[in-house]
Every structure is written in structure tokens, then in C-alpha cells.
Amino acid sequence: MTTFYYPLNEEQKLILDTVKDFAENDIAPLLPEIDETNAYPWKIYERMGDLGLYHLMLPEELGGGGHGVTTALLIGEEVGKVSPSLGFAVPFSLDAPLNIALCYTKLKDKYFDEALKGKVPIAQAGTDPIGGYNYPEWPVAAVKDGDEWVLNGTRCFATFGAVAKIIVFMGRAEDGNFRYWYMDHTTPGIEVAKVEKKIGWKGQDTTVLNFKDVRVPADQELTFFPDPRDDDRAGIGFGYMGTVAAAVGGMQGVFEKTLEYVKARNTHGEPIGNMSVVGDKMARMATEIEACRCLFHNALRIYDADPMSVPRGLQNMLKAMTTQKFVDIAVQCTDLWGGLGIVEDTGISRYVRDAVNCLAPCRSTDAHYQQIASFLGLGVKYTLSD
Ligand SMILES: Cc1cc2nc3c(=O)[nH]c(=O)nc-3n(C[C@H](O)[C@H](O)[C@H](O)COP(=O)(O)OP(=O)(O)OC[C@H]3O[C@@H](n4cnc5c(N)ncnc54)[C@H](O)[C@@H]3O)c2cc1C
């Protein structure tokens, strides 16, 4: 099933062909090693630099190809077919040079050229253990001292925290507002307190970062999102949609491998795919995958027309539905592989692990449905809009 609901232009078709080739030939062979070591795959990001993918994402006024969020997410979907973990991480990585171009001059001078070569991971330290995603509960983390901010606190689940060259800290300032600050990872007072051992998403570290009296100049503050809740209203963002790209790509990847398998594996003298119960399962999964892709591509199409016209709740629906559906499809496919489903050599169990790992990041399923219920006008509490 390869229908594209999103209207690709010729350049995007070429890019996605290149990415497909890159995913199958450069990424897939490295996956067993990444599973084993969990090490950040520098080679993969540097290869993306060689392919010119970072340049393509930059706006034309910065000398780039003028592609943005939409192309990056389609790339994520393509990569996600082979590795859902990288399907999430790659779109984030593609955004790094633009982020660096927008940030504090000294960091730009130091890192911009290297970022175009895929050598500058950025970590977003935005989850306070107190209150989790519920920002209003967070304690004050930033106090102004002359021309500097002094940051304190712990941030959990920060992706790339152990390898990042630039860290973005999100916190509540003493005036009650939420702000972001960019800083070099070498800034005194930042400590990688823990690298989590987690079920899937290998090759991207998930860390606990401590910030102790970290001093950053006032001009390293970002003011794009003075209130983090605005993030939820701005339509498609890398956060939620990165997990959606990973999930939509991942469900296609595991399905395609399983379709080949049920055609090739014989029992009772014929392929198991000929058994009506198996055929029925495959047909249902194909239908559900098409529905998820259709919703995803439709959201991208609306976003391209006008980012602020994405209907409220659409990205919540996408995140909640596609990630849960990915878990469901990955488990059903694993079952169809019998014993080989859980054997690491086939790579099928990787989809199950990565699917489960798609649930929590960028807010877990219930929080999204709670949000949707509030958009429906129901009197539910504890949404980001409260
Ligand atoms: C692999 C991974 C990578 C991550 N990367 C980053 C990162 O780079 N930067 C970053 O800042 N954070 C990151 N996170 C953090 C992530 O955003 C949070 O884990 C996520 O938002 C869920 O928050 P929580 O873990 O505190 O769960 P909780 O908020 O404790 O939620 C647990 C459960 O409580 C219920 N619940 C909680 N709130 C609500 C609500 N409002 N409505 C209804 N039910 C609710 C739900 O059943 C939910 O599943 C990452 C997490 C993971 C797992």
C-alpha cells in the first residue's frame, strides 16, 4: 500500500526516494549494533549531512532548500518503516541547523556549520518531575541576576541529553512565565544524572539532567513560546508529529515485512496467508494503516496551507490513535511470525519495543483523549487548556 494523500512535488519525490535508499542501505544494516550498544549513531546523522538533507531543510534566505516541517515529517515516516526509533529522531535532527541559526550568536558561530554535517544534537530539557507535563505545577526554576538568568532544577526524560552539544532548558521564571533558554552543553552546573535503560527507541539516550546554579546570559533566552500551552494551539509541531511519523512509518514497515512472510511461510502445503483467518487479519491491518496515513497526510496538507488552520484536537487525535494502533499492529504481526517474531534476528520484535515506546513521549494517550474531550465541549478538567 503506497498511496500518498499528501500531494508531493517533484523535489519531495526525489528526496523521499533518496531517503528510502538511505534507510534501507545505510540505516537497516546498523540496527542490530544499535540495539546491542544503544550508542548514538553518529554515522547515520553524518551520512544525512553528506546527502545534503540538513541544507534542504533550511529556509531559502539562509541558503537552504526551503523545506520545512512537512518534508521532515515525511522523511521521518520513510525512515520509520525501517526504524521507528530513528523515524522519531531524524525529523528532530533535521531541525537542528534552523534552531541554531535562530539562537544566540556565539552558539551559532560555534555550531552552525557542524550542524549542517549532522554533528550537533540538541536536547530539549522540558519535563519537570514535579507535575510532569502539567506546567502550572512546576516550581520556579529561573531567577534573574543582573544580565544573567540562574537556572536550577531537574529535567527528566531529556532525549539526547548525554550527547547534545546544545541544551534547551524550559522552565518557569520568577515572574511566573514559562521560558526557554539555549546553552552550550559545557555550561557549568549541568550534570547528566542518569541515562535511562528503556524498552525501545535504541540509539537515542533518554536522560535525567540536573541544573545547579547554571548561569546563562539574558540574550540566550528564547521568546517564541512565552506560554508553553501555545505549543498546543500552533498546529503541527515536531513533538507530537515526530511520534506520529514514527508510528505511521513503523506500522507500514512491520506490515510489509509480515505480508512477505505470510506469503512465503508454508504450512499444510500452502502459505499461511491463504488461511482465511490470516488473510482477514492482514486485510484489516492494511485498512487501518491506510486510515492512519490518510489522517497524517491530511494534517500535513492543512498545515502547509496555513499552520494555524490545523483544527484544534487534530494533532491530539493523531498522536493518541496512531501510536496505539502501531502497538496493536506490531503485536499482531509478531504473532503471525510465530516463534520467529520474538527472535531478534528477524527484527520484528524491534517494532513492538519501539511501538510501546511511542506511547509516553509527547504526552501519553489518556492526556490526549482528555484534551480532545475538552475540545468537544465536555467539562473534563486537567487538560493543557485549563
Ligand atoms: C522515550 C521518551 C523520550 C522523551 N523525550 C523528552 C524530551 O526530549 N524532552 C522532554 O521534555 N520530555 C521528554 N519526554 C517526557 C514525556 O513528554 C513525558 O514522559 C510524557 O509527557 C508523559 O509524562 P509523564 O511521564 O510524567 O506521565 P504522567 O503525566 O505521570 O502520566 C501517566 C498517566 O497519568 C494519566 N494522566 C496524566 N495526565 C493526564 C491528563 N491531563 N489527562 C488524563 N490522564 C492523565 C494518564 O493515564 C497517563 O498515561 C520523553 C519521554 C519518553 C518516554
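W201 counts as buried because its relative accessibility is 3%, below the 20% cut-off that defines the term. In this predicted model, W201 sits in the loop that links β6 and β7. The phi angle of W201 is near 50°, a positive value in a residue other than glycine. The loop between β6 (190-195) and β7 (206-217) also holds K197. K197 counts as exposed because its relative accessibility is 85%, and the cut-off for that class is over 50%. The loop between β6 and β7 therefore carries a buried residue, W201, and an exposed one, K197. From K197 to A245 the separation is 48 residues in sequence and 23 Å in space, taken from C-alpha to C-alpha.

Another residue with a positive phi is F160, where the angle is near 70° and the residue is again not a glycine. F160 belongs to the loop between β3 and β4. With a relative accessibility of 5%, F160 counts as buried, since the class takes in values under 20%.

The loop that holds F160 leads to β4. Strand β4 covers residues 166-173, and 8 of its 8 residues are buried. Several strands pair with β4. Strand β1 (residues 122-125) runs parallel to β4 and is joined to it by 4 bridges. One residue pair here is I122 of β1 opposite I166 of β4. Strand β2 (residues 140-145) also runs parallel to β4, with 2 bridges between the two. V140 has R172 of β4 as its bridge partner.

The pairing of β4 with β5 (residues 178-184) has the antiparallel sense and extends over 7 bridges. In this pairing G171 stands opposite R179 of β5, and R172 stands opposite F178 of β5. R172 thus appears in two pairings, as the partner of V140 and as the residue opposite F178. The strands β4 and β5 make a hairpin with 4 residues between them. In the turn of this hairpin, G176 has a positive phi of about 95°.

How many of the residues of β5 are buried? The count is 7 of 7, so that β5, by the cut-off of under 20%, is mostly covered. The cover applies to both faces of the strand. On one side the buried residues are F178, Y180, Y182 and D184, and on the other they are R179, W181 and M183. Beyond its pairing with β4, strand β5 also pairs with β8 (residues 221-222) in the antiparallel sense, over 2 bridges. In that pairing W181 stands opposite E221 of β8. W181 is one of the buried residues of β5.

The ligand is the next topic. There are 20 residues around the ligand, and those that come nearest are T127, Y133, F157, D366 and Y382. By class, the shell divides into 9 nonpolar, 9 polar and 2 charged residues. Two elements, β3 (148-159) and α13 (365-375), each supply at least two residues of this shell.

Nitrogen atoms of the ligand have polar partners in the protein. An N or O atom in the side chain of T127 is 2.6 Å from a nitrogen atom of the ligand. For F157 the partner is a polar backbone atom, which is 2.8 Å from a ligand nitrogen. T159 contributes a polar side-chain atom, and this atom lies 2.8 Å from a nitrogen atom of the ligand. Taken alone the ligand exposes 960 Å², of which the protein buries 67%.

Why does the ligand lie between domain 2 and domain 3? Domain 2 (122-226) gives residues to the shell around the ligand, and domain 3 (230-375) does too, so the ligand lies between the two domains.

Definitions and conventions:
Residues are numbered from 1 along each chain as its sequence is written. This is a predicted model: local features need pLDDT of at least 70, side-chain atom pairs count only at pLDDT 80 or more; totals for chains, interfaces and linings use all residues. Side-chain values use heavy atoms; hydrogens and water are left out. Buried means under 20% relative accessible area, exposed over 50%, partly exposed in between (1.4 Å probe, protein chains only). Two strands pair if DSSP finds at least two bridges between them. A residue is near a molecule or strand if one of its heavy atoms lies within 4 Å of it. A polar contact is a pair of N or O atoms within 3.5 Å; within protein, one must be able to donate a hydrogen and the other to accept it, and residues adjacent in sequence count only if both atoms are side-chain atoms. Accessible areas come from the Shrake-Rupley method with a 1.4 Å probe; for residues, only the protein chains shown count as cover. Ala, Val, Leu, Ile, Met, Phe, Trp, Tyr, Cys and Pro count as nonpolar, Asp, Glu, Lys and Arg as charged, and the others, Gly among them, as polar. Domain bounds come from an automatic or database domain assignment.
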